[in-house]
Amino acid sequence: FLSLIARQGYAAVVLFGLSYAPQVSAVARRYPTVPFVVMDAPRSDVPKAPPNVEGEVLQAREAAFLAGWLAAKLEQRRSGPDVVGVVGGWKVQPVTDFVDGFAAGAKRAAPHVKVLVDYSRDFVDTAKCAALARRQIARGAGSVFNVAGGCGLGTMEAAAEAGIWAGGVDTDQTFLGPHVLTSVLKKYEAAFVDVFDRVKAGKLGTGGDTIL
């Protein structure tokens, strides 16, 4: 499939995420004059990437830092120990970037806050995330952060049931209810516009990463 696309004469081939990573390396090597851009991933995540592969990286940690800071500040208004939680999907960099940023922001706001982190190893099953979130709430978490896609809807539901704050991810999840404190968004459209503008101007470089 990638070889077919590469033969079409496009100015660049843009791929989303790392599901094609091994194939990108092989195909890009066969078509060295075609730029391949891997969206939302660093070039280093493509094994043995040739020079015509470029990474386009969104800084999720920075936005997650703000969400962690806000969650911990509100947690300080509750009585008892300061505790916040994060329920991630799989322990991979696109997820741990959110987790690490959230934890750093929480500790900046409240140095003694306890940050509970669990991974569901799932991005679909809401029951798994709900169970982990309930366990964190039972341990005192006054806010839980969803970093598990569809599975994370269980995290949001558990927070609503317990009457505590929840943080959404990727898209604006405030539609789930007034318990949603904020959502950490990835502005993918800005990343695509950046790539398209550089292609149009003939300035799309490869062999490294573009950090947004």
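These notes cover helix 4, the aromatic pairs and two backbone outliers in a predicted model.

1. Helix 4, geometry. Helix 4 has 17 residues. From first C-alpha to last it reaches 24 Å, close to the 24 Å expected at 1.5 Å a residue.

2. Helix 4, burial. Many positions to check here: Val95, Thr96, Asp97, Phe98 and Val99 are buried. So are Gly101, Phe102, Ala103, Gly105, Ala106 and Ala109. Note that the buried set includes Asp97. The cover over the buried residues of helix 4 includes helix 3 (60-75) and strand 4 (83-88). It also includes strand 5, strand 6, strand 7 (165-170) and strand 8 (180-185).

3. Aromatic pairs, stacked case. The count comes to three aromatic pairs. One of them joins Phe102 and Phe145. Their centres are 4.8 Å apart, with 20° between the planes, and the pair is stacked. The pair links distant parts of the chain. Phe102 sits in helix 4 (residues 93-109), while Phe145 belongs to strand 6 (residues 143-147), 43 residues apart. Both Phe102 and Phe145 are buried. Strand 6 is also among the elements covering the buried residues of helix 4.

4. Aromatic pairs, tilted case. Why is the pair of Phe192 and Phe196 called tilted? The ring centres are 6.0 Å apart and the planes stand at 40°, so the pair is tilted. For reference, stacked needs under 30 degrees and edge-to-face over 60. Phe192 and Phe196 are four residues apart in helix 7 (residues 188-200), separated by about one helical turn. Phe192 is partly exposed, at 25% relative accessible area. Phe196 is partly exposed too, at 48% relative accessibility.

5. Positive phi at Asp40. Most residues other than glycine have a negative phi. Asp40 is not a glycine, yet its phi is positive, about 65°. The residue lies in the loop between strand 2 (36-39) and strand 3 (53-57). Is Asp40 buried or exposed? Asp40 is buried, because its relative accessible area is 15% and the cut-off for buried is under 20%.

6. Positive phi at Arg121. Arg121 also has a positive phi, about 55°, although it is not a glycine. Where is Arg121 found? Arg121 is in the loop between strand 5 (114-119) and helix 5 (126-138). With a relative accessible area of 59%, Arg121 is exposed. Set the two loop residues side by side: Asp40 is buried, whereas Arg121 is exposed.

Key. Residues numbered from 1 in each chain as written. Predicted model: local features only at pLDDT ≥ 70, side-chain atom pairs only at ≥ 80, totals over all residues. Heavy atoms only, no water. Helix = DSSP H or I, 4+ residues; strand = E, 2+ residues; numbered from the N terminus. Buried < 20%, exposed > 50% of the residue type's maximum accessible area, 1.4 Å probe, protein only. Phe/Tyr/Trp six-rings, centres within 6.5 Å; stacked < 30°, edge-to-face > 60°. Expected span 1.5 Å × (residues − 1). Contact = heavy atoms within 4.5 Å.
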